[in-house]
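Here are a few short exercises on ring pairs and burial. Have the model open beside you and try each task before reading its solution.

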Amino acid sequence: MYLCGRLSPPFFSLFLQGKRYADKGPVFEALFEWCTVGGLDEMSNFEKKYGKYAVRNLSLMLIMCYVVGYVISLINQDFLYYLTLNPYAIIHGQVWRLFTWIVVPPSSLDPFTIIMLLFYYNIGTSLERTWGTYRYNVYLFSGILFTILGSFVWLGYYYLNGGGSISTVVVREVFQQYSRLFNTYYINMSIFLAFAATFPDVQVLLMFLIPVKVKWMGVLYGLVLLYDFIFVPSMEIRIAIVSSLLNFIIFFFRSRNHIHMSPRQVKRRVEFRQDIRRASKVTKHKCAVCGQTEDDDPDLEFRFCSKCNGNYEYCQAHLFTHTHVK
């Protein structure tokens, strides 16, 4: 059987050097603005309303789902086939598969897999602290949603290419066999690619020995994915790759103009935009003498002077001491 786990990343022993970048202070807090700079301003109102429902430590929860899957595989390997993202089974009533496929491990359990899961936990947590819980949730859940939609695209493609004329037993076997291609492997890859795009100059230790910048690892993984998409003679694989990585593709193209900016550059851009907003903000009241507004002191009272020629407004300190404008 052709399992997506065959594509386990070729470099297992990857660890971040030093402290996580997301913990280094206010400079990196500016990277919260990354998605906004990339064109995600339209999500801000939605975020204000529903951001409180964002799930914290989502990477840890994903790994715990894998733990459940590995326990199930040790008890009964065949039972995992009742949990996979099988669109044919879903439209025939097995709707639980829309959720349970997340617990299906993308590869077999071995020491290298444990190392990779720890690595993905590290980079996922760093992204969550950098982007914010809400936007990391959006990124990860959109990858999950696109994968589900991709599985139904596969179902439609199969039927459009004559699958409907095949016996029901054969169709059921085909979808049962290949449904494990639609797992979280490529979603994990999208997390790594997003990390490489956000922190291109972070170094990882290749085979515990060779320091390599993560951007080159991202380029290498991208080339591997491109090779599989072009040369692997399987439309199922191609659909799985595109659907699972669509969240990264959207992120990359929306952020491509800012993706190589350093955190300090992003911070300066954020501060500049905040200064512009403050300077252009219109207030209801402003003293014609000292320039104070209700933003400077909410307890200030303002009055118009009836002896001045025009609409001149003054605060309490200058209402009776100003020179009248004639």
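**Warm-up.** State what share of the chain is buried.

*Solution.* In this predicted model, buried residues account for 46% of the 326 residues in the chain. The fold that holds them has 13 helices and 4 strands.

**Exercise 1.** Classify the ring pair formed by Y158 and F175, then place both residues in the fold.

*Solution.* Start with the general idea: a pair of aromatic rings is described by the distance of the centres and the angle of the planes. The structure holds 16 aromatic pairs. For Y158 and F175, the centres are 5.1 Å apart and the planes stand at 75°. An angle over 60 degrees counts as edge-to-face, and that is the class of this pair. Next, find the helices: Y158 belongs to helix α8 (residues 133-160) and F175 to helix α9 (residues 168-178), so the pair ties together parts 17 residues apart in sequence. Finally, check burial: both Y158 and F175 are buried.

**Exercise 2.** Do the same for Y227 and F231, and decide whether F231 is buried or exposed.

*Solution.* Here the centres lie 4.9 Å apart with 40° between the planes, which makes the pair tilted. Both residues sit in helix α11 (residues 214-231), 4 residues apart, or about one turn of the helix. F231 has 55% relative accessibility, so F231 counts as exposed.

**Exercise 3.** Which residues do ring pairs link into a cluster with Y158?

*Solution.* Follow the ring pairs: they join Y158 and F175 with Y88, W154, Y159 and F182.

How values were computed
Residues are numbered from 1 along each chain as its sequence is written. This is a predicted model: local features need pLDDT of at least 70, side-chain atom pairs count only at pLDDT 80 or more; totals for chains, interfaces and linings use all residues. Side-chain values use heavy atoms; hydrogens and water are left out. Rings of Phe, Tyr and Trp (its six-membered ring) pair if their centres lie within 6.5 Å; planes under 30 degrees apart count as stacked, over 60 as edge-to-face and the rest as tilted. Helices (H or I, at least four residues) and strands (E, at least two) are DSSP runs, numbered from the N terminus. Buried means under 20% relative accessible area, exposed over 50%, partly exposed in between (1.4 Å probe, protein chains only).
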